[in-house]
Amino acid sequence: MAREKFQSLTEQMFYILLCLRHELCGADIAAQIGVMTQGRVTVGPGTLYNVLDSFLQAEMIAETKVEGRKRSYLITPKGREMLEAEYRRLLTLAADYRACTGEEET
Amino acid sequence: MRNVKYRIVQIPLFDFKGMEKYLEDMASKGWRLEKTGRYVWKYRWKEPAKLHYAVTYSPDASDFNPGPTAGQQSLEELCAAAGWQKAGEWSKMQIFVSEEENPVPLETDEALRLEVIDKAMGRSFIPGAVLMIVMGMVYCVPNIIGLIWNPVRFFENGMNLVSLVLWSLILALYCYNLWIYRRWYRKSLQSAAHGGPCAEVGPYETVNTAAIALLLMIIAWLFLIILRLHDSSYAILIAAHISLYLLLLFLIEQARKFLKRMGASWGTNIGALILVSIIGSAILVAITFGLIQDMNSNRAEEIQDIPLTLEELNGVPYEDVRRDIFSRGIGSFLITYNLYWDAGVRITPEGERVQESLSYEIKDVKTEWLYGKALEQFLEPKSTWKPIGAASWSADQAYCRYRNGKPSNTYLLCWPGRLVSLTLDSTPAAEQMAAIGRKLAPGI
């Protein structure tokens, strides 16, 4: 079943939103995600561009600065809500996992 | 050895894998992409290298934009930060190259990539294909109806058959390419939904190459028909028309590039090109029509040789002779149709000037089925035609048209493979009937 847009976030979307809790230049996002995840999550520049564009159109982030070709972004209140919702969804998954595996062990 | 080569692009716009592989193969042989054009790309020789090419799509990109959009610039900046340099663009396709051994992949989310590709195709490839399919149907459907309802008229003009085959081929080609895209998209969507990569596009190059070869053969066939049935002036006319059309396309493309260099907005560029296209097409039609008119008026003065003249029919000389031949289209391998007209002034023994004329149609039909249809058409309405003695005309069958119950001077003569309808100024004498039969029978 196809996911409704932003009903749940992909890992890459999640980390992009997480990085943009503070103003950040687009070109630095991929590097920050690499550091944050110890290289586990990679975001290609094409994917990064498309995700940022989608987030802008959904008003989850806002463009704060333009210096030549470099653009900076910051998460919006709507974006924070979506990030918070995704975090709670992941916690729910984790809790369900602990509940199921905990029962099996006992 | 030349250090520049040009290649026609045969890869579909959505086949990013095919494009990446093709460019990498070219680079491994020493040919680097230097410039992309609408149909032909330019490559420059450098030493063979193992480069990585990657393709992404920018739905906002357009050949009519004055320069890269803000989005495109942003994309280029992000790619540059990851070690990818812009190598070119083709419609919505953006091509990047990296010399690193293991560059960061340009795209790391297949589902999102597919979504962007579909958006880009929806603004470029699909509307273009749909437009060509609609144009193909607009042309083919009435012609097919014409072929069914009036095959005689359809086959009289060889252009009808050539054009129907040509447009059917174009229609089939665009339907095929559209189907290839939808099939690829559905397979890719299923794969991406399970975390897999986009699908392979499948075979298209063979079909497209065969279609282009067939297209060229049809155009050559058209010229052969013209040369076989007419003098070379028709072939020159068609060649001139095609050349002018190609010139118009070239000028439109140069106008687009000029406006882009001048920084004209997307809307201004598109509007100006539509205007240039309409005016250019009108000029092209006017020139072609003028050439045809000129050709026909020259022909009217030059025509001396027709199957039967007034002088041959009546055995007397004529003055101020004017002759003309009208052909319905260029004829075809199944039917040719010509209408002949001869007019002149006969001086009577009393010195009176009498204007006389003779007109007749000759229809040569190669198949029995079409012959029957053509004969049926001639004898419409049936009530006005009555059979008469054919022996006097040396024909197989002969008919006379009746008006208000009285015989007129319009006759239909039938031979195997030939139908002749003629209108005379008066009832023909026996010698005249014999002369007509001698002159107009097939094989003369």
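Reader: Before we look at chain A, what counts as a helix or a strand here?
Author: Happy to start there, and please keep in mind that this is a predicted model. Helices and strands are DSSP runs, numbered from the N terminus; a helix needs at least four residues and a strand at least two.

Reader: With that settled, what pattern does chain A follow along the sequence?
Author: Chain A holds 4 helices and 3 strands. Its C-alpha trace spans about 60 × 25 × 25 Å along the principal axes. Read along the sequence, the pattern is α-β-α-α-β-β-α.

Reader: What is the order of the strands in the sheet of chain A?
Author: Let's build it from the pairings. Strand S1 of chain A is joined to strand S3 (residues 70-75) by 2 bridges, and Cys25(A) stands opposite Ser72(A) there. S2(A) and S3(A) pair over 6 bridges, while S1 (24-25) and S2 (61-67) are the edge strands, each pairing on one side only. The sheet is open and antiparallel, with the order S1-S3-S2.

Reader: Which residue in the turn between S2(A) and S3(A) has a positive phi?
Author: These two strands run antiparallel, and Ala62(A) stands opposite Leu74(A) in S3(A). They form a hairpin with 2 residues between them. The turn residue with a positive phi, about 70°, is Gly68(A).

Reader: Which helix lies across S2 and S3 of chain A?
Author: The helix in question runs at about 120° to S2(A). It also gives the most to the side of chain A that touches chain B, with 9 residues. This is helix H3 (residues 45-57).

Reader: How much area is buried between chain A and chain B?
Author: The contact takes 21 residues from chain A and 24 residues from chain B. On the chain A side, Pro45(A), Tyr49(A) and Arg69(A) supply 39% of the area that this chain buries against chain B, more than any other three residues. Carbon and sulfur atoms give 55% of the total, which is about 1,900 Å².

Reader: Which residue of chain A forms a salt bridge with Glu77(B)?
Author: Between chain A and chain B there are 3 salt bridges, and 9 residue pairs are in polar contact. In the salt bridge of Glu77(B), the closest N and O atoms are 3.2 Å apart. The partner is Lys70(A).

Reader: How many nonpolar, polar and charged residues are on the side of chain A that touches chain B?
Author: Helix H2 (26-36), H3 and S3 of chain A each supply at least two residues of that side. By class, the count is 8 nonpolar, 9 polar and 4 charged residues.

Reader: Why are Glu86(A) and Arg89(A) separated by about one helical turn?
Author: Their side chains meet in a salt bridge, at 2.8 Å from N to O. Both belong to helix H4 (residues 77-105) of chain A, and the separation is about one helical turn because they are 3 residues apart.

Reader: Over in chain B, which strands stand at the edges of the sheet of 7 strands?
Author: That open, antiparallel sheet has the order S7-S8-S9-S13-S12-S11-S10, and the twist averages 20° from one strand to the next. At one end, 4 bridges join S10(B) to strand S11 (residues 397-403), with Ile388(B) opposite Ala398(B). Each edge strand has a single partner, so one side of each is left without a neighbour in the sheet; they are S7 (319-327) and S10 (385-388) of chain B.

Key:
Residues are numbered from 1 along each chain as its sequence is written. Chains are lettered from A and ligands numbered from 1 in the order in which they are written. This is a predicted model: local features need pLDDT of at least 70, side-chain atom pairs count only at pLDDT 80 or more; totals for chains, interfaces and linings use all residues. Side-chain values use heavy atoms; hydrogens and water are left out. Two strands pair if DSSP finds at least two bridges between them. Contact means heavy atoms within 4.5 Å. Axes are lines fitted to C-alpha atoms, for helices over the stretch in contact, and angles run from 0 to 180 degrees between N-to-C directions. Buried area is the accessible area (1.4 Å probe) that two parts lose on being put together, summed over both. A salt bridge is a side-chain nitrogen of Lys or Arg within 4 Å of a carboxyl oxygen of Asp or Glu. A polar contact is a pair of N or O atoms within 3.5 Å; within protein, one must be able to donate a hydrogen and the other to accept it, and residues adjacent in sequence count only if both atoms are side-chain atoms. Ala, Val, Leu, Ile, Met, Phe, Trp, Tyr, Cys and Pro count as nonpolar, Asp, Glu, Lys and Arg as charged, and the others, Gly among them, as polar.
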